Amino acid sequence: MQHYLDRICAEHVDVSDGKLADYIPELASVDPNGFALSLSSADGFIYESGDAGLEFTIQSISKPLTYALALDQIGADAVDAKIGVEPSGEAFNEISVDRTTKMPKNPMINAGAIAAVSLIPAATPDKRFALIQDFYSTFAGRRLELDEQVYASEKASGSRNRAIGYMLQSFGVLDDDPNEVLDVYFRQCSLRVTSTDLAKIGATLARGGVNPQTGRRVADAAVVKRTLSVMVTCGMYDDAGDWVSAVGMPAKSGVGGGIVAVLPGELGIGVYSPLLDGKGNSVRGVRVCRSLSEQLGLHFLTVARHSRATLRAVYEPRAGICVYEAHGDLMFSGAEHVVRAADRQRERYEVAILDVSRVDDIDDAARELLSAMGSTLRGEGKAFYLVDPDGIVIRSEPELEVIRFHTVDDAVEEAQVWLDQNRRVSLD
């Protein structure tokens with residue numbers, strides 16, 4: 001799996017299209033070559049590639065989190081009275097509201113995000129920011145800190161957002177002082193994260209609000225459902241249609257170069273690359289997410305098939321032999337689970353047998369992971385057999401360099417022969 005992610009990064013490492021977000025002076029000075037990809041499974045296992053430890057500011061990826069916090073704190077009806085949920089079809093920083101309701105069209109554009117900040121109940125701006133910072137940190141599983149330089153830069157260059165704030169006040173959307181609300185907004189955008197933090201945030205959303213590493217419930221499942229729904233339709237601004245069609249995951253981008261993507265029930269993805277397209281999305285980040293979706297079959301409309309894929313049983317019919325029995329549709333996430341289980345337990349066996357006789361379907365990403373599993377085990381001097389009576393995994397014997405059997409009993413007998421031969425060689 002690590003090689004898979006490294007290969008996808010290598011496919012895009014030379015992409016140099018786009019430009020830095022120079023309208024925020026501090027962001028114009030970042031290294032344009034920064035590039036990182038992280039993936040967190042729904043059970044909290046982390047894969048990292050590239051500059052995964054590099055910190056950058058969260059920027060607009062903060063918007064769905066503050067929206068979720070507002071929903072959690074005051075309820076959906078109160079939030080809906082101030083912020084819509086319709087795609088805007090406009091730039092993220094457009095100075096506009098819905099012509100009929102006079103409300104921001106959705107919480108993923110600046111107008112809606114500023115309104116969301118104002119809905120967080122607190123007596124002072126500092127207390128409001130503390131609630132937001134704590135909420136984000138619980139999602140990420142670590143304390144997220146403020147980048148003072150970026151905060152000062154955003155505050156000094158934030159005239160357009162001030163215009164939005166005063167416009168919202170004039171329409172009765174903001175009840176508080178716009179300057180105080182905007183100060184908190186600038187601070188929330190300036191919290192530092194890594195691509196791995198974003199992957200953990202995504203995995204927490206994928207788990208319905210439970211952080212898979214800490215086990216702590218961060219948000220109610222209904223809040224997460226509403227948040228992910230708006231991320232699907234509005235998270236990538238006026239590029240949302242292309243994103244949903246090609247990538248098919250709820251997502252949010254930020255002008256700091258980050259993207260968080262969520263496959264509900266399965267995983268979270270965090271990508272960082274600061275060169276942006278004209279719509280404010282990371283050029284390389286979008287391409288990486290598209291490659292991940294295409295190569296690993298991550299479009300959310302296939303999630304029902306993913307959820308049916310599971311490791312049905314793991315057992316040892318004889319000493320030194322371990323059988324991994326899968327069923328359902330074996331797509332990427334199911335295959336990753338099988339491979340990781342076999343990797344964790346590889347000290348327990350000399351022969352691994354994968355039984356896919358109850359698997360209905362399999363995709364190419366799963367085939368490649370299983371191929372890597374077999375190659376790794378053989379490289380360690382172990383054996384790998386496949387119980388595949390219908391030939392759904394391999395179309396020809398040389399394809400995965402693995403011996404295929406029709407029943408588990410046949411595979412176990414051959415495994416015993418292999419063990420006896422190797423033990424005799426060891427004694428000799």
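Q: In this predicted model, does Val79 count as buried or exposed?
A: The relative accessibility of Val79 comes to 0%, and a residue is called buried when that value is under 20%. Because 0% falls under that cut-off, Val79 counts as buried.

Q: Which residues does Val79 touch, once those up to four places away in sequence are not counted?
A: Val79 belongs to helix H3, and its C-alpha atom is separated by 8.5 Å from that of Tyr67, a residue 12 places away along the chain. Tyr67 is also among the residues that Val79 touches. With residues up to four places away not counted, the list is Tyr67, Ala70, Leu71, Ile74 and Leu119.

Q: How many of the residues of helix H4 are buried?
A: Helix H4 runs over residues 110-118 and is mostly covered. Its buried residues are Asn110, Ala111, Gly112, Ala113, Ile114, Ala115, Ala116, Val117 and Ser118, so that, with buried meaning under 20% relative accessible area, the count is 9 of 9.

Q: Which helices are included in what covers the buried residues of H4?
A: The buried residues of H4 start with Asn110 and run to Ser118. Their cover includes stretches at 62-74, 125-140, 159-170 and 178-189. In the order of those ranges, these are helices H2, H5, H7 and H8.

Q: With which residues is Leu174 in contact, leaving aside its neighbours within four places in sequence?
A: Leu174 sits in the loop between H7 and H8, and at 4% relative accessibility it counts as buried. Its C-alpha atom and that of Leu119 are separated by 8.4 Å, although their positions lie 55 residues apart along the chain. The contacts of Leu174 include residues that are listed among the buried ones of H4, namely Ile114, Ala115 and Ser118. Given in full, they are Ile114, Ala115, Ser118, Gly165, Leu168 and Gln169.

Q: Which residues does UniProt list under "binding site"?
A: The record is an unreviewed UniProt entry, and its annotations may be inferred rather than shown by experiment. One of the listed residues, Asn110, is also among the buried residues of H4. The entry names Ser60, Asn110, Glu154, Asn161, Tyr185, Tyr237 and Val255.

Q: Which residues does Glu154 touch, not counting those up to four places away in sequence?
A: Glu154, one of the residues in the UniProt list, is placed in helix H6, which covers residues 148-156. Its relative accessibility is 6%, so it counts as buried. The residues it touches are Ile24, Gln59, Phe186, Cys189 and Ser190.

Q: What is the phi of Gln59, roughly?
A: Gln59, which is one of the residues touched by Glu154, lies in the loop between strand S3 (56-57) and H2. At 3% relative accessibility it counts as buried. Most residues other than glycine have a negative phi. Gln59 is not a glycine, yet its phi is positive, near 50°.

Q: What is the relative accessibility of Lys102?
A: Lys102 is another residue that is not a glycine but has a positive phi, of about 65°, and it is found in the loop between helix H3 (76-80) and H4. Lys102 counts as partly exposed, because its value lies between the cut-offs of 20% and 50%. That value is 35%.

Q: With which residues is Tyr237 in contact, leaving aside neighbours within four places in sequence?
A: Tyr237, also in the UniProt list, is placed in the loop between helix H10 (221-234) and helix H11 (240-246). At 7% relative accessibility, Tyr237 counts as buried. Its contacts include Ser60, which the same UniProt entry lists. The full set is Ser60, Lys63, Phe92, Met108, Lys252, Ser253, Lys279 and Asn281.

Q: What separation lies between the C-alpha atoms of Cys322 and Ala206?
A: Cys322 is found in strand S9, residues 321-330, and counts as buried at 0% relative accessibility. Among the residues it touches are Val314, Tyr315, Gln345 and Ile353. Ala206 is 116 residues away from Cys322 along the chain, and their C-alpha atoms are separated by 31 Å.

Q: What is the radius of gyration of the protein?
A: The protein has 17 helices and 12 strands. For its 428 residues the globule rule gives 22 Å, and the radius of gyration is close to that, so the protein is as compact as a globular protein of that length, at 24 Å.

Note on methods
Residues are numbered from 1 along each chain as its sequence is written. This is a predicted model: local features need pLDDT of at least 70, side-chain atom pairs count only at pLDDT 80 or more; totals for chains, interfaces and linings use all residues. Side-chain values use heavy atoms; hydrogens and water are left out. Helices (H or I, at least four residues) and strands (E, at least two) are DSSP runs, numbered from the N terminus. The radius of gyration is taken over C-alpha atoms; the globule rule is 2.2 Å times the number of residues to the power 0.38. Buried means under 20% relative accessible area, exposed over 50%, partly exposed in between (1.4 Å probe, protein chains only). Contact means heavy atoms within 4.5 Å.
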